[in-house]
Amino acid sequence: MPKRFLLLFSCMIAFTVCEAQRITGCGFKIPPRSLRSNFSSVYEAKDILQNMLNTINWQENFNVREQNGIQNAYATIINRARWIIYDNRFLEDLDAYASTKWASISVLAHEMGHHYYNHVVSSSGSTPPKEIEADAFSGYVMAKLGASLQESTAAMQAIASDRASSTHPAKNDRVQAITRGWNESRGNGNTATSPFPSDNSNTTPPPIPSPSPGNTGTNTDPNNDPSWIWLTIQSNKNEVVLLSDDGRKFQQAEIKAGEPFVFKFEIYNHGWLRLKYYNGYRTFKLLHGKDYSILWNRRTKNWTVVEIGQ
């Protein structure tokens, strides 16, 4: 939600058309729907992730949220807290499509890898090197959990995109990364220079940057990043508006007189602004990369929104 000021990491749902199938921002094809329903709740995901943490002795405290309908799983930061957000049905479908329970577990391990390498505070979004690091981490964790190499690569073999793009590697490269991590975990790699946590490391991740004027809650300066929304209001006093990521749940946000409210929406590259209008409300769609001003219409006695041209 706005004022949490986050940059969803690479696995945020961002569907494109590729090879006649929709893919996520992490380069995963959306598996077909299944009638199976084994991966049933956020609590099971928490248990799986906690087991991973215990297995590699890594001191990280994840928040986990189930968000149905996004057909994805991704790592992010919300309000300076680390999150892994997943679609329960997406993981169920993946397990059915790959014919193994390890498929969904490997995807969760991949998202944990994004947190381990602190990718989530980077402003560059998804890149092939980051995805390769997270894939290798997944292979390492899967071996620690007792998965075979075939089970560890099952999800990638089933739903990875065959071709590379500017944001994700090709399937073969990702399978090789998982294999490298799996071998490292089994003692078959160069453990002297291993980037993975040792069995007695108790590693803690780097701190998440604190909000500061000109930083606005992440390590990206919105003054140099045109994708942030600058929302201003034509008023001589502070005004409260309603903002929403999904158009259903709205939260209050205060815009100070004479100051812009600078933010990004959490889920998509757009969201909604709701203002009082006559006896009800009027809702406006706001896009990342655009700036808006809320103006008072003296004729209708209502607030309206205009886009500020470049």
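Is K237 buried, exposed or partly exposed? In this predicted model, K237 has a relative accessibility of 47% and therefore counts as partly exposed, since exposure begins over 50%. The side chain of K237 meets that of E239 in a salt bridge, with 3.1 Å from N to O, and E239, at 13% relative accessibility, counts as buried.

The search of the whole structure finds 6 salt bridges. One of them joins the side chains of R174 and D135, with a distance of 2.7 Å from N to O. Because R174 belongs to helix α7 (residues 171-185) and D135 to helix α4, this pair ties together parts of the chain that are 39 residues apart in sequence. R174 is buried, with a relative accessible area of 0%, and D135 likewise counts as buried at 0% relative accessibility. A further salt bridge is formed by the side chains of K290 and E307, at 3.4 Å from N to O. K290 lies in the loop between β11 and β12 (291-297), whereas E307 lies in strand β13 (residues 302-308), so that parts 17 residues apart in sequence are tied together. Here K290 is partly exposed, with a relative accessible area of 29%, and E307 also counts as partly exposed, at 48%. Salt bridges that share partners join E131, D135 and R174 into one network.

Helix α4 also takes part in the aromatic contacts, which are considered next. A pair of aromatic rings is described by two quantities, the distance of the centres and the angle of the planes. The structure holds 8 aromatic pairs. In one of these, the ring centres of Y117 and F137 are 6.2 Å apart and the planes stand at 80°, so the pair is edge-to-face, the term used for angles over 60 degrees. This pair links distant parts of the chain, since Y117 is placed in the loop between α3 (102-116) and α4 (128-145) while F137 is in helix α4, 20 residues apart. Both Y117 and F137 are buried, and together with W58 and Y116 they form one aromatic cluster.

Helix α3, which comes before that loop, has 15 residues and reaches 20 Å from its first C-alpha to its last, close to the 21 Å expected at 1.5 Å a residue. Because 15 of the 15 residues of α3 are buried, the helix is largely enclosed by the rest of the structure. After α3 comes N118, whose phi is positive, near 60°. Charged side chains are also found over aromatic rings, as in the case of K101, which lies over the face of W102 at 5.4 Å from the ring centre.

Strands of a sheet pair through backbone hydrogen bonds, either parallel or antiparallel. In this model, an open sheet of 4 strands has the order β8-β7-β10-β11, and its pairing is antiparallel. The edge strands, each of which pairs on one side only, are β8 (251-255) and β11 (280-287). On average, neighbouring strands of this sheet are turned by 35° against each other, direction ignored. Strand β10 (residues 270-277) and β11 run antiparallel and are joined by 8 bridges. L275 stands opposite R282, a residue of β11. The charged end of R282 also sits over the ring of Y277, at 5.2 Å from its centre.

Terms used. Residues numbered from 1 in each chain as written. Predicted model: local features only at pLDDT ≥ 70, side-chain atom pairs only at ≥ 80, totals over all residues. Heavy atoms only, no water. Phe/Tyr/Trp six-rings, centres within 6.5 Å; stacked < 30°, edge-to-face > 60°. Helix = DSSP H or I, 4+ residues; strand = E, 2+ residues; numbered from the N terminus. Buried < 20%, exposed > 50% of the residue type's maximum accessible area, 1.4 Å probe, protein only. Lys NZ or Arg CZ within 6 Å of the ring centre and 35° of its normal. Pairing = 2+ DSSP bridges. Axes fitted to C-alpha atoms, helices over the stretch in contact; angles between N-to-C directions. Expected span 1.5 Å × (residues − 1). Salt bridge = Lys/Arg side-chain N within 4 Å of Asp/Glu carboxyl O.
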